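Welcome! Have a look at the structure below, and then work through the exercises at your own pace.

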Amino acid sequence: MDSFLTWLIHPVTVAATALLILNDQVLKAAYPGWLTGKLSDVAGLVMAPPLLAVVLALLLAGCGRLPVLRHTVRIAGPGSGRTPSHLLAAVSIFVVGVGFTAAKATPEGAATASAVWGVVDGPSVILADGTDLLALPALALAWWTWRSAVARPSLARWLRMVAVLVVLPIAGLGVAATSAPRYDDAVALYEWRDVAVAGIGNAYHDSREPYTWWVGADDGPTFSELPEGGYELFSKQPPPAASGEDCSARDPGHCFRIVPRRLAVQESRDGGANWRVAWQVDEDARQRLATAIPGMRDVQEYLSSRALLVRDQPGGGVVVLVANGRDGFARRDTAGRWERIGFGTLAGDSFRQQQPATPIPGVAEATVTVGWRVAVPLSVVVGSLVVLAGCATLLTRRYGWFVIPLAAVGGALGLVALGVYVPYALRGANSDDGVGSVLVVALIVGMTAVPAGVAVLVANVTAPSQAVAGRICVAGIVAGAMVPLPLLLRLLTGWPPQRVAVVAVPIVAMVVMVVGIPWAIRYAVRRVPGRGSSSAGTPPWTPPDPPWPETGDAPRTA
């Protein structure tokens, strides 16, 4: 087993495993998109073959079919390497490559992979995406790591223990935890075989195309999976999707239409000559709702009405079903009552899953949530940068210009992190992005608050700088405390609206930083004498030599 364990703990394999776990558990949630998706594919193709090879070797050895699975390294001679271990390594790479290609190239392969992976990691969704096949050259890197591994000496006993007890479980958990989040997204409605069919997408990915379809035999709120053979029919040739406007077939003058980029529906009783609002979630409530839905990015895109379907009922009246993106569906019954039903109840032969509508948070709850996710991290970075600028100036005045490059590096990294964080803050910073927020804030604090704290400690060694450093720290605290003022105002008065308050927080942060940093620098320059000034001689805390008592005795001579 030395060859495969060495392959598993090869530095490239370990790095790929770490990248896979970091990307899937942190980066995908914080920065979803093309790059993080492809990083997982590349890292997985590098680390999956050695993991599969170890598992296969254990299984084959346990079954007695391969009692000895060992590679004998032959330094000399061109014929070395044709051994069972090479064959198993090649088979592992081949199986991973074929499985990856099948899952990404065809809808049927993706559906099969989702079903198989659901056994390992619970309900999972793997989507076919031909662009992911660009990651296949990573298998060449996996083969290179295998050739590099078998050329190494046999593992020491402690390395075998590390490989089996540490790396193998971590790699297995990393693979089992790589399923991307699934954010159900009501993106389309169809009328098929005289029933309403809802198209459900996964908002985690950029595409808003449905990956599965639910049948609403009673036009909601209960749905079921497509009947046998229906999935293939829909995936190959779906019926025309419902548009944003529809009318009753029995009463053509009774029409409904969605309001683009809003959660709202209008109704007309005269064939579209006049319209009135029949149902809506007002803008402030929609922004508050966005704080309660995980992974929400563009509110106007993912939390708006997209399509509706008007269904005449046998007993009279109409039922209206509206696809509202991440909020699920809204439904109007025959009595004219509207209700947000979320994704309703998905019922099957052996399961029943309820996904009710997400409650809309109150003003206080939503404001506090956004405050913790947006204002607090921005307060930390603004206060840290003010303290860093002031204390760096103080140290430069006291000890020389060599301090400036060190402070500049910390400040630049803090500004870069701030530049990454501000767009995140403007999106509303919803719950599943919390890990990404923690990473950015950790970088900001590590590159600003820590150097500033060291600067304060050093500055306090000299007595004249104590008051200056203390006031700079107070200024940093005050500057940071000013950042949440828009949210505090909303919490106390209910004004300004949620979106305005969220946008105002980064604006206040930038204004406070632009004003506070020059102030801290100017204050330190004016209060602390330069290195070459006369007051920078003997440290003031060093007491002068005590005066010797005067005596009238003349010096004695020997």
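A salt bridge is a side-chain nitrogen of Lys or Arg within 4 Å of a carboxyl oxygen of Asp or Glu. Searching the whole structure, which is a predicted model, gives 15 salt bridges.

**Exercise 1. Work out which parts of the chain the salt bridge between E301 and R208 ties together.**

Step 1: Start with the distance. The closest N and O atoms of E301 and R208 are 2.9 Å apart, which is within the 4 Å that a salt bridge allows.

Step 2: Place both partners. E301 belongs to helix α10, while R208 sits in the loop between β2 (195-202) and β3 (212-216), so the pair ties together parts that are 93 residues apart in sequence.

Step 3: Check the surroundings. Buried means under 20% relative accessible area, exposed over 50%, and partly exposed in between. With 26%, E301 is partly exposed; with 11%, R208 counts as buried.

**Exercise 2. Decide whether E267 and R276, partners in a salt bridge, are buried or partly exposed.**

Step 1: Confirm the pair. E267 and R276 form a salt bridge whose closest N and O atoms are 2.7 Å apart.

Step 2: Take each residue in turn. The relative accessible area of E267 is 4%, so E267 is buried. For R276 the value is 48%, so R276 is partly exposed.

**Exercise 3. Find out how helix α9 (residues 283-290) sits in the rest of the structure.**

Step 1: List the buried residues. In α9 these are D284, A285, R286, Q287, R288, L289 and A290.

Step 2: Draw the conclusion. Seven of the eight residues of α9 are buried, so the helix is largely enclosed by the rest of the structure.

Step 3: Name the neighbours. The buried residues of α9 pack against α10 (299-302), β12 (338-342), α11 (363-399), α15 (485-493) and α16 (498-527).

Step 4: Look at the start of the helix. There, a side-chain oxygen of D282 comes to within 3.2 Å of the backbone nitrogen of D284.

**Exercise 4. Explain why E283 and R286 are separated by about one helical turn, and describe their salt bridge.**

Step 1: The side chains of E283 and R286 meet in a salt bridge, at 2.9 Å from N to O.

Step 2: Both residues lie in α9 and are three residues apart, so about one helical turn separates them.

Step 3: E283 is partly exposed at 36% relative accessible area, whereas R286 counts as buried at 1%.

Step 4: Now widen the view. Salt bridges with shared partners join D185, R208, R261, E301 and R306 into one network.

Terms used. Residues numbered from 1 in each chain as written. Predicted model: local features only at pLDDT ≥ 70, side-chain atom pairs only at ≥ 80, totals over all residues. Heavy atoms only, no water. Buried < 20%, exposed > 50% of the residue type's maximum accessible area, 1.4 Å probe, protein only. Helix = DSSP H or I, 4+ residues; strand = E, 2+ residues; numbered from the N terminus. Contact = heavy atoms within 4.5 Å. Polar contact = N/O pair within 3.5 Å; in protein donor to acceptor, adjacent residues only side chain to side chain.
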